[in-house]
Every structure is written in C-alpha cells, then in structure tokens.
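Q: Please take a close look at the part of this structure that holds the ligand. Then go on to the elements in the rest of the chain.

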Amino acid sequence: MARSRPASRWTLLLSLVVLIACIVVPGLAVKHENFKTCDQSGFCKRNRAYADNASAQGSSWSSPYELDPATIHFKDGQLTGVLVKTISDTEKVYLPLTLSFLESGAARLLVDEERRLKGDIEIRHGSKVNKKRYDEAEKWVIVGGLDASKSAALDGQSETGSTKVLYGPEDKFEAIIRHSPFEVEFQRDGQTHVQLNHQGFLNMEHWRPKVEGKDEESGEDESTWWEESFGGNTDSKPRGPESVGLDISFPGYNHVFGIPEHADSLSLKETRGGSGNHENPYRMYNSDVFEYELDSPMTLYGSIPFMQAHRKGSSVGVFWLNAAETWVDIVKKSAASNPLSMSAASKTNTHTHWFSEAGRIDLFIFLGPTPQALSKTYGELTGYTQLPQHFAIAYHQCRWNYVTDEDVKEVDAKFDKYQIPYDVIWLDLEYTDDRKYFTWDPLTFPDPKGMQEKLDASERKLVVLIDPHIKNKDDYYVSKELNSKGLAVQNKDGEVYDGWCWPGSSNWIDCFNPAAFPWWSSLHKYDKFKGSMSNLFIWNDMNEPSVFNGPETTMPKDNIHYGNWEHRDVHNVNGLTLVNATYQAMLERKKGEIRRPFILTRSYYSGAQRLAAMWTGDNQATWGHLAASLPMVLNNGIAGFPFAGADVGGFFNNPEKELLSRWYQAGIWYPFFRAHAHIDTRRREPYLISEPYRTIISQAIRLRYQLLPAWYTAFHEASVNGTPIVRPQYYVFPDDEEGFAIDDQLYLGDTGLLAKPVVQENTFTTDIYIADDEKYYDYFDFTVYQGAGKRHTVPAPEDKIPLLIQGGHIVPRRDRPRRSSALMRWDPYTFVITLDKNGEANGTLYVDDGETFDYERGGYIHRRFQYRESVLSSEDISTKGAKTAEYLKTMAGVTVERVIIIDPPASWKDKNSVTVIEDGAKAGSTASLEYFEQKGGKASYAVVKSPNVGIGKNWRIEF
Ligand code: NOJ
C-alpha cells in the first residue's frame, strides 16, 4: 500500500505530461512569413492603391486612358488603335491596342507599350534582358481558336465617342468601345455582361528612367519601383515598374468560379475584407507552399487565370493570358441601383480587378451563354484535356518512398493477395542514385527491369519522379551535358544559376530554350535512361520551380531564361514548359513506339491539360484537407484542367482509419486517383489497414473499377469539348440558384451519378441536394429520393458511399473484379438504367484500346444508348477512320452481359423475357428478364440476363 501512492502519483504525472504534449504538439501550419501578402508585394500594393484612389474619388475620377479616335481601324474582324495614357499636358504614353473578334465568339484585347516594342528603353545594371513586354506566353498556351470572325463588323449605329462592333453567333454580341475614358462593354442580346475599365482601374506602368531623388520631389512612393527585397533576397528590377492592371466587372452576376489553384471554396470570395471575406486578393504565383492552409487566397503550385461568372440563365468568362505573378481582387456590390441589371440577373454586381507584375494586357472575353459553351471556347484556345491511357484513370499507389525493387514487388503481390485492384505503383525521388535523375540507386534498385517485368505481368505500370533541378556534380553526365550545351537557367549576371533543392546544389533546365527539347528527349530514351521500360511513366514535381533557398521558395525574378526573358516575365508558365518537354520525350523514347504519354505535374498553367494530370500537392491527413479537396478538384475542372486529384489519405501525418477510408470513398471521385504519403508517415497501403476498414477501402476502389467505362467516357467527352469530368452543381443545373455555391457534391460526366462523399468525422448520414423533380435512386439499394430544391438525408454508415443516380440515365459499367484495369479489357458490360419522368433514358459509351493514338484514326467505339417506348437501342455515333474496322474486330467478342432497369413499369412483374435483335443477325433471340419487387421506399428492379449483344454493334432490346 505504502508504495502504491507514489506509483499512482507517477501515473498521474505521466498522464498529465502526455496530455500536455498532445495539446501543445504544433499543428502543421504554413509559414506566412515566407510568402508575400499584397502589402509586401510592390506592384500589388500599388495597383490596389490606384484602385482605392479611383474609388475614393467616385464620379470625379477619370481614367487617364483614351483611345485616340484618329487611330482606330477596323479590318478583318480586328479593331486596332492607340491607347493614350496622359501623364501630364506634355507627357503621354502610347499603347498600341488590338481588339480581335474571333470566329468562336470570343474577343481578345491586347495592349502593349510602344517604346518597349521599339526597344526604345534603357535597361539598368547592364542587364541583357529583353526590352519588350513578354509576348510569348501564347506560344505555350494557345493551340487554336484564333481565327478571326468573318462576320464581325462595325455597327452603323456607332455614336461619337464610341465605336461599336457586332460579332459572335448571328451577330448577337456587341462590343461598345468608349474612347475617352477608354472603356469596353460587352453585350449579348442587348444586355451588358462584361465591362472593362468601368471602374477606371486600368493601369499600365510605362517604362521610365530612374531619376535619383525624384520620388522626394514628386511625392510618388518609388520604394518598390527599382528594387524590392523580401526574405533576405533583393530583386534588381532592371526595367523598373512595369505592372499591368484592369478591372473587369460582371453586372448582375453574383458568383465567380475558377482561377485555380487555391485551397478555397468553389464560389470565390470577396477579397477586400469584411466578415467571411479574404483580406488579400487571390494570388497566382506558382509556388511550393509548405503545409498550405485552407480557406485561403494564397497562391499554390499552379495557375489558370480563367474565370467564369455565373448567374441564373447566363455564364460568361475571361482569360487573362499573362505569365507573370498575378493577383485578383473580387468585390460584390448591390446592383439595385444599376440600370444595367436585368430582371433575370441577380441583384449583385461582381467587380474583379486583375493585375500582373509584367507583360502585356492580353485578355479573352467569352460571352457563353452556358458553362458548357465557356468550357468549349476556352478549350478551343488552350486545348482540351488529353485523353489519357486507360491505366491512368484507374488507381495509383504511391508513397515517398518504396524503398527497394523488392519492396515494390512485395506491395504488388500484397494487392493481389488481398484482391485489391491497382494499376500503377510510383517511385518518389529515393529510387535515384544520390538524387541524380535518370539513374537508379544501385544498392536499393539493382534490378529495375525485373521489377518492371513483374509489374507488366499484370499489365501494371511504374511512374518515377523526374524533377527539373539537376544535381550540380562533375561526375554526373546529365549535369555535364546541361552545362556544356548551355541549357540551364541563368542568374541576373548571365551565369548558370545555382540553387538548392533535393540533390543539394542544383541547376535548372531551361525549357524555354528549343534546344532543351531534343536534349531532354535524349535523356528519356531507353538506352540513356538505362533500366527504364515501356511501362514506365513520368512524374514532374517541383517545377514551379521549387528552390529551397530562393525567394518565396522559387527562383529569383531577375534570373534569365532563353530569349533574355526575365524569370519574372515567364514564371507561371515555367512548369508547363517542362511538361511540354517531357511529353515530347515520352513520344520519342523509341522509334515507332507511339503511345500516349502519361505525366503528372505539380505546377501548371492554362494548356497543361493537353499534356498531363495534376494533383493538389502536399495536403495534410486532416478532415479539413479531405473536405477541401472536392472544391479544389471541381474548380480545376471549371478551369479546363479536369484530370485532377489530391493525395488520398493526406500527404503529411498519419490519418486515422476512419479518415483514411472516408478519403478513399471520396478519392474514387477524383479524376486522378492516387494515394500518396510523406516519407515520415507510417505505411498505409490499403491491405495493411485492419478490418472493417480494409474491406471498406477495397470496396471503394472496386467501385472505381466497376465504373471505369463511365469514367473513360467522361474523359473522352472532356477531351473533345472541355466539359469537366466531375462537375459541380451549378454546372449541371445552371438555372437553379440554390445550387450555385454547393461544392461538396459532384456529378460524374453525363452519367447522372451524383456522389456526396462524407468529409466529417463520426458522421453517418449526409444531406444531398437535389435540384430537379426527377427521381434519384440510391446506387446500391435503389432507395428513392425525390423533391426539387431540397436536401435529402441519405444514410452514410462507414461502409457506404452516398451515391445516387438521377432518373433518365444509362450507365455502362463492368462488374468483374480484376487485378488491373487492363485485364478488364475484354470483359462484358453491365448497363444500369433509370427512367425519367417520361419513362425514357439515355447514355453513351466511349471505348478504345486505351493506349495508342489509333483512336485519332477511327480506332474506337462510341455508342449512344436510348431507352424509349419499351425499346433499348444502341446507335453508332463514331466517325469512321482507317483504324475502325481493325479495332471493331478486336472487340467483336465483347458484349453486354446484363441490363439492370431500376424502377421499371409495374407491368413487368409478369414479364420473363425480352426480344434481342442485333444488326446482321438472321433472327431475333430472347433473353430472360427477372423482376425483383422491393418495398419500404426502395424501387423494384428488373434484370435482363445475357442479352449478349456486341458492344460495338447496332442492336435493340424490346421489352
Ligand atoms: C514534393 C511533392 O509534392 C511530394 O508529393 C513528393 O513526395 C516530394 N516532393 C518528394 O519528392
């Protein structure tokens, strides 16, 4: 007894220590001090101050920019003129302007600076940088859609003081260009949808010489004009201040979406403070933000300066093509007193203010009128998402790191042992010899080929990490070649730039240099990257670029790229240039071996969707990060880059089992579905997780595999018209205002599948919002939900994924579980049919070899399925080509093995067969039909067994 007292005191003390430790263990938090706020960024502060000054002056403010009427010309769909910026009676700046009207219905405003175009400026510090404003972003970004409109014409109604141009489909669009002050108003059907410089924030910081002591005289604050310091780095700014800014207003619009990448809600928030709003503008400056925070306008790894404004009945958009650091302020104001507001419009005007540190004003304006029309027109310019190899849309298993080739083989075997499908295993940077890319660590990966062969036995793939920083070491051939060929980025003094990244001292490949492309390609060839095989693909990480000792963890802005462009000019497209080079390299690995490349990129810009998939970088194993992943992925889809995902399970820290399994249930709805984890985390491959979670996770992954036909069809659609693969509520129901801000549920393509992942701990029901009065059926047990404009409570026990199908759809799927998706290639299909109010249903299916480019020559199957008047039919919607017959032959044995009709007419109770008629067959046949009655809110269903109609054939099933 006597000894028990101190013992219990110790226990108490110990518990206390543990408790305190738990409380004080710091959460992961971004280091704000490493990244600029607007106030700490010279041009951001200046542009905001300019806007504040204009706003404060109200109606007495007059923008000092006017379009000189004498200079205006209109020819071949293009208006040209000179914008004059008046500084004083004696000082004017001339800014050549073009406003092009494109065949697609988009308009493009370009404003440059005459002196810079002529090279009539002096560069300080003896720097060799280009005198022009950067005008090559479009080389990386734009792939089409620039054909000038043939019908655009000056409107005879133009009044003095303005020029009007009619353009767009049936000339329904009009641009009203006011000369002084300069302002452009874009109308559709006589209503104003977009206004430029309506608020008078247009600002082109023109070139000027530095005059010592001038700021004291003039009272202008020049403190950030000529150099700027942050975090111990000084930016030398050889061209002085040169930012561009413009306000873009959307009258009658209360929601704006897009401009990823931010960890924020889908509907963007106001940024000028106030309750629930941000204090800082949304920033786009591709950066490696360690331990990024949520609900924030802070920049992240990628940028797409494309914004959609949305209101009931209308969507319009803008694309700000500028590769320099960019910020966007958003302010919403009541439209009550606005004569431009229309009855259908909301009572809100959304005013946005865009500014970039350098470059030109290059702005595309899209007048919609639907979200789909915007996706299409924006995609015509920047390209549609690549149609990936089929494996790429299946499940990817990654961690930092699988440590040996034996480890990889063991993980592979364990997936099989536990019957969990997966397609791709990933190697993070530790597979290399001393962090030298294109090499293997000889001790831990002595047999890379054996490893890849083992994976190939079940048609699985390997992805390895290749970063743009090259270890600066004499005995490393890649480093030697980089330097001897002069292909590295230079510092401001024209020497090879040396910075710190994973390998220590490193140099960076400059993919702006065309000569970098063939060299990068040569490194990827099988005989150069020894040990690599055709089932190896590439992960480009750290390509913002991330530089551990650089300002804001990236390159100094005064570094110099090919063409003597400053890094400042090109920063946001830098990552995209590497992906371009890698894409080319993957195409050229071996002569004659033409397969679709697969690349994952962390950094991106508009256009990256043509080449790669992206993920949301280093998230955390928290419920908050799980929840945030949905709007982030959805927003990327809105911005034309839908092949997006987040690290399943969270990158930093160890998720609890409940969180991990909920994350898989959510992750199967990311177009890019990959689990990944930091090197310091515990192993968490699905088979390691104890029951019941292992089964829950396996079932989630299997559901993804079951629905791969629907996913691939959605990918195909995105690849031809830009519609997101997973879609937010407003995109599917653009007239239902209740749904505009909803960003926690999503639709898979056109399938009518509506998923609402559970993203809160300890939560076993969820509310799904239904917009219309169709019936929605629980995917698993066919419980019926109906009622428009309401949230419906759906059970969501731990093993259940809240998933509904809207009435009116035909969803193709494959029900036989396999080890990898490639092994499902010849499997038969199951169709799930839900009927709409009229007793009808529609669906599509796209299939190809999932590997080559043969689909571009007709090597694919594309079918439309319809159910109406008791007949289910399959119709060909493909375009034939040289490869069609060959492909159809390979698919001849692939059939439909089952049709499930949910909630069929009650009269089917007595039916037990259907008639099957396949084109080309001599006579029809019958297939059995079984009717299953259900009660208690669950719909009955019927199953047609083995109709065995060919997936590539025309056929009818008569019920
Ligand atoms: C940063 C990436 O975001 C992360 O996914 C990766 O594991 C590490 N780099 C190591 O390569």
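A: The ligand comes first, and then helices, strands and loops follow.

This model is predicted: local features need pLDDT of at least 70, side-chain atom pairs count only at pLDDT 80 or more, and totals for chains, interfaces and linings use all residues. Residues are numbered from 1 along each chain as its sequence is written, and side-chain values use heavy atoms, with hydrogens and water left out.

Start at the ligand. The shell around the ligand has 13 residues. A residue is near a molecule if one of its heavy atoms lies within 4 Å of it. The closest are Asp428, Asp541, Arg602, Asp618 and His676. By type, the shell divides into 8 nonpolar, 1 polar and 4 charged residues. Here Ala, Val, Leu, Ile, Met, Phe, Trp, Tyr, Cys and Pro count as nonpolar, Asp, Glu, Lys and Arg as charged, and the others, Gly among them, as polar.

Now the atoms. An N or O atom in the side chain of Asp541 is 2.7 Å from a nitrogen atom of the ligand. Arg602 has a polar side-chain atom 2.9 Å from a ligand oxygen atom. For Asp618, an N or O atom of the side chain is 2.4 Å from an oxygen atom of the ligand. On its own, the ligand has 300 Å² of accessible area, and the protein covers 99% of this. Such areas come from the Shrake-Rupley method with a 1.4 Å probe; for residues, only the protein chains shown count as cover.

Next, a helix. Helices (H or I, at least four residues) and strands (E, at least two) are DSSP runs, numbered from the N terminus. Helix 13 spans residues 623–638 and has 16 residues. From first C-alpha to last, helix 13 reaches 24 Å, close to the 22 Å expected at 1.5 Å a residue. That expected span is 1.5 Å times one less than the number of residues. Of the 16 residues of helix 13, 14 are buried, so this helix is largely enclosed by the rest of the structure. Buried means under 20% relative accessible area (1.4 Å probe, protein chains only). Just after helix 13, Gly640 takes a positive phi of about 85°.

Turn to the sheet. Its 8 strands form an open sheet in the order 33-32-31-28-24-23-22-34, with parallel pairing. Two strands pair if DSSP finds at least two bridges between them. At the edges are strand 33 (644–645) and strand 34 (673–675), each pairing on one side only. Strand 24 (residues 461–465) and strand 28 (residues 536–540) run parallel, joined by 4 bridges. Opposite Ile538 in strand 28 stands Val464.

Strand 42 (residues 803–806) is covered on both faces. Leu803 and Ile805 are buried on one side, Leu804 and Gln806 on the other. Strand 37 (residues 753–755) runs antiparallel to strand 42, with 3 bridges. There, Ala755 stands opposite Leu803. Strand 39 (residues 776–778) is also antiparallel to strand 42 and joined by 3 bridges. Asp778 has Leu804 as its bridge partner.

Two loops complete the tour. Ser821 sits in the loop between strand 43 (809–813) and strand 44. Ser821 counts as buried because its relative accessibility is 4%. Its side chain makes a polar contact with the side chain of His390 at 3.3 Å. Such a contact is a pair of N or O atoms within 3.5 Å; within protein, one must be able to donate a hydrogen and the other to accept it, and residues adjacent in sequence count only if both atoms are side-chain atoms. Leu835 is in the loop between strand 44 (829–834) and strand 45 (841–848). At 10% relative accessibility, Leu835 is buried too.

Conventions:
Buried means under 20% relative accessible area, exposed over 50%, partly exposed in between (1.4 Å probe, protein chains only).
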